[in-house]
Amino acid sequence: MAGPFEGNDYLRIIPEDKKLSPEWIASLYSRGQKQVYSSRQALGHIGMPAGGLFAGTVYLSGDGRLWLWDIFNRDQEGIVPKTVTYKGQKVGPRDGSRFVEPAPITNPFEQGFGLKCKLDGSVQDIPLTSDGFERVTFNGQYPQGTVEYESSRLPLKAVLKAYSPFIPLNAADSSLPATLMQYTITNTSKETIEVELYGRLQNPVCIETREKTTGRLVNRAVSKPGFSAIHCGAEPLEEPQQRARPDIVFEDFEKESYEGWTVEGNAFGAAPIPMKDIPEYQGNVAGEGKRVVNSHASAAGQDVSARDACTGILTSRPFKIERNYIVFLVGGGAHEGETCINLLLDDKVIASITGSNNNRMTSRKFDVRRFEGRTARLQIMDKSAGGWGNIGVDHILFADQAIHGCKLDQQRDYGTMSLGLFGSRQGDFILAAESADKTAKRVTGKLEDKLVGTIGTMLQLKSGQSQTVTFAVAWNFPNYYGRGVGGKMVGRFYAAQFSTSLDVIQYIAENFNRLTAQTEKWVNTWYDSTLPYWLLDRTMANTSTLATTTCYRFKDGRFWAWEGIGCCEGTCTHVWHYAQAPGRIFPEIERIERESVNFGIGQHTDGGIGMRTGLSGSNEPAHDGQCGRILGAYRDHQMSSDDVFLRRIWPKVKKAIQYLIHCDANDDGLIEGAQPNTLDAAWYGKVSFLQSLYIAALKAGQTMATEMGDMEFAAECEKIARRGAATIEELYNGEYFIQVEDPAHKNDIGVGSGCYIDQVFGQSWAHQVALGRIFDKDKQLTALRSLWKYNFVPDVGPFRDRFKQGRWYAMAGDAGLLMCTWPKGGQNPNFEKHWQYRYFNECMSGFEWQVASHMVYEGMLKEGLAVARAIHDRYDAKLRNPYNEIECSDHYSRAMASYGVFISICGFEYHGPKGYIAFSPRLSPENFKAAFIAAEGWGAFTQTRQDSNQTECICLHWGVLTAKEMAFDLPVGKTAQQVQVAVGGQTVEISYRMSESRIIISPARPIKCQTGQEIQIKIGW
């Protein structure tokens, strides 16, 4: 009916003339208006991470609710896992299900804030949400969200500022497991009014595992200097010993068949699978004995997706119920009615329990006391064909005791949670539980009870008067059993700093003014800028990924992460090296990762750095990740105040570079052989994308070796990099850089003659760390223009209608930069046989961000901003959550490459040990202001230009800044004639020199700039 199709389908579908409207183009550059949202749909899509870094995921909705609450160490894939159908495809969490269908607001327990005031003769209870107010607006300035509430029927308005302390360079105070809710209530009437402002909190301890353990909930009313709080916890319960009948082992699954079970479908195989044969990526399933039921490991497929796609049912022989409980181990997917174990009476399902999107099985039970004497059957079901489409079951017991060794304090959701109220007012009140006496300081309940406490204050407001009250919700759930590290108990770093959530509240109370002022100062510093509001919003928004369950800090302080929430473990090198935000905003965290992991337990004896690192070792290296971690080491050295860090790790960095040189057997600057990379395959031949990264890594190696005094190795790196800069030109086809395939591997996947998004990625990385030009500029520019010409689509819809393989990170109506196209034809037909081929048809924002930053560096400002704006528009809250850029699950780490665009716009260069700082604004250089972060301090940089002079101002808002050399770009053709530098109004003696249009200024003595001081430079020509 159709086909065969030729490569020129790309030319037919992707327009060379993008026909972007002049108004849209103008909006790329203009300051514009700060975007706020008010529609119910947009407010419902918003989920701004509002907790501390590495402390779980707590969302702030557009109408001020706190929701999701993934703080209980559930360790699932995706924020609210769901498989949806789109364009005839099953779309799971890692395929973009929450891009297609944004997650609804969900709350696993009761929590919220409200007002009570007298209205029309009665006291009205008004929730501080869109349910209580007609007009609600949301203004997101990550890490802070501001919500305004107004209603014509109410004599007041309210404003909420919600955030967790966030202070660049201060990871400790930015990692508190807490969210502050600061409400300002204003009386808009002409009369004095009395208002009760309150918060409610249900005790959520063991809310997800209460069926597995015994104990009781405990709420306490606490009053301390500076704050009061409801403190929620749990304690063991001493139960009277009851005479129990012996357990009956109904099924241990140790046989080499499913004897006694009816088997349907192809998911369960012919017999329970030996645990030793379960794929390593499933981790420790924690079964008993040697065999278990596992519908993924036993399934007929050859890869993860194919195995998950297999379905089936196991149905047991009938049995008589003669004990109180049916106890079993269960793991796998959390799809109700699809991946579950069911209890059948009269062939009807009367009880069902799913897995929890974790292959590690845990003990669960059916309470069957009321059915004793009746005949029943068990049914193990796998009816899900998408992500987490599997079920695991083992060791089914009939028992009179429900729990076997599941201690309360060992549960993943055991811990404490507190709702605090700061300050002390005459009208403050606290109820440990709404159902209890007002004077009760301690209230207990069963684990299954809803034990809800309330805390608040009475406000008397005169006409026009406002009062501000701040609450804090804090949590401490220390028992993180890392699914990505084999289910080991690795704990949480915050729990090593604070014993309970009440300790967190007390710490915030004792440091309240400092934490709130410095957070506010950062938000103001970031947004007090000449840059477009949309660009400031978008380039900072992805930093919030650090405050989600993509990212963890173990109890021992180690940083560890998924690629996206619950997907692809081990802080994967070939993904995480794209993320520029952590290394610039919290460099301490990246230095920990470099030293303890990449150049620590993750490095092999031959110098290779495993792409994924567990608790004590790593798997095989990926070439792009290897290069990226070398470049990252150089960036993290630059973001240090001295060279101590680099001196410690240099021998291992050198060894990592030597590993790459070994892969380049003839020292021509091109790596040979198998080249594993971020598209989950090894490519062969000459690959421009990997060669460019290799050259950049060599240049970084040359620079680091020079600083370390290893001149012989510096010369070796320089020699090979120079050869690489020449030989990479062999991969240039006149318009862009390609892969020259290896004829011996014609059946392997790659890009071949395609125009690939990362083809000159090495230069993009080199710009981020000021390594200079690493190979031919003109050819790079042409390659970037080709990406714009051949890969940018104003509407991805027609392209995906033709090229159907791929995941959904952009849909019809969305613009984006495609991963790879073949505008000149010549695509190897064997590529389509590989499952990875789908990647080429997708728009993945992390890749797009790195290209956008490169375009901006090269003067392609319009194109770079257009790529960035396309991503921003895809994540408009009218469509989906603007704080969740998705690629292979939610809050994907690669998207933190967005901060690299900010660096490129500012032209920011920095080298802390050398005391070097430089700016070269690429957007409105005549009138420019933006934030900057150095090794020990941060602040704002301002540049203005007049006809005959240029002024620079470096204003430090936090910390200290040492400046030994400063550089700025002058207008082309201008040469400095007079230069004046002052600090705190005092003139500083300097010398300067010109390098083309750049002026380099050297103070006679290092400048030590303190918080609140300015370095002022005036340059005349």
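Me: What makes the sulfur of Cys888 too far from that of Cys567 for a bond?

Reply: In this predicted model, the sulfur of Cys888 lies 3.3 Å from the closest cysteine sulfur, in Cys567. A disulfide requires the two sulfur atoms to be within 2.5 Å, so the pair is too far apart for a bond. Cys888 itself is at 10% relative accessibility and counts as buried.

Me: How many disulfides does the structure hold, and what is the place of Cys627 in that count?

Reply: The structure holds zero disulfides. Cys627 is in none, its nearest cysteine sulfur, that of Cys663, being 9.3 Å away, against a limit of 2.5 Å.

Me: Why does Cys627 count as buried or exposed?

Reply: The relative accessibility of Cys627 is 1%. Buried means under 20%, so Cys627 counts as buried.

Me: How many aromatic pairs are there, and what makes the pair of Phe72 and Phe477 stacked or edge-to-face?

Reply: The count comes to 59 aromatic pairs. For Phe72 and Phe477, the ring centres are 4.9 Å apart and the planes are at 70 degrees. The centres must lie within 6.5 Å for a pair, and planes over 60 degrees apart count as edge-to-face, so this pair is edge-to-face.

Me: Which parts does the pair of Phe72 and Phe477 tie together?

Reply: Phe72 belongs to the loop between strand S3 (66-70) and strand S4 (84-86), and Phe477 to the loop between strand S31 (466-476) and strand S32 (481-482), so the pair ties together parts 405 residues apart in sequence. Phe72 is at 0% relative accessibility and counts as buried; Phe477, also at 0%, counts as buried.

Me: Why is the pair of Phe319 and Phe398 called tilted?

Reply: The centres of the two rings, Phe319 and Phe398, are 4.9 Å apart, with the planes at 35 degrees. Stacked requires under 30 degrees and edge-to-face over 60, so the pair is tilted. Phe319 lies in strand S20 (residues 319-320) and Phe398 in strand S26 (residues 391-399), so parts 79 residues apart in sequence are tied together.

Me: How do you know that Arg553 lies over the face of Phe493?

Reply: Arg553 is at 4.0 Å from the ring centre of Phe493, and the distance limit is 6 Å. Lys116 likewise lies over the face of Tyr198, at 5.6 Å from the ring centre.

Me: Why are H15 and H16 called roughly parallel, antiparallel or perpendicular?

Reply: The axes of helix H15 (residues 688-707) and helix H16 (residues 711-727) come within 8 Å and cross at roughly 155 degrees. Angles over 145 degrees count as roughly antiparallel, and H15 and H16 are therefore roughly antiparallel to each other. Their crossing is left-handed.

Me: What makes helix H9 mostly covered?

Reply: In helix H9 (residues 533-541), nine of the nine residues are buried. Among them are Tyr533, Trp534, Asp537 and Arg538.

Me: What is notable about the phi of Asp347, and why is Asp347 called buried or exposed?

Reply: Asp347 has a positive phi of about 60 degrees although it is not a glycine. Most residues other than glycine have a negative phi. Asp347 is found in the loop between strand S22 (339-345) and strand S23 (348-354). Its relative accessibility is 57%; exposed means over 50%, so Asp347 counts as exposed.

Me: Why does Thr571 count as buried or exposed?

Reply: Thr571 is at 4% relative accessibility, and the limit for buried is under 20%, so Thr571 counts as buried. The phi of Thr571 is positive, near 45 degrees.

How values were computed:
Residues numbered from 1 in each chain as written. Predicted model: local features only at pLDDT ≥ 70, side-chain atom pairs only at ≥ 80, totals over all residues. Heavy atoms only, no water. Phe/Tyr/Trp six-rings, centres within 6.5 Å; stacked < 30°, edge-to-face > 60°. Helix = DSSP H or I, 4+ residues; strand = E, 2+ residues; numbered from the N terminus. Buried < 20%, exposed > 50% of the residue type's maximum accessible area, 1.4 Å probe, protein only. Lys NZ or Arg CZ within 6 Å of the ring centre and 35° of its normal. Axes fitted to C-alpha atoms, helices over the stretch in contact; angles between N-to-C directions. Parallel < 35°, antiparallel > 145°, perpendicular 65-115°, else oblique. Left-handed = near helix turned anticlockwise from the far one by under 90°.
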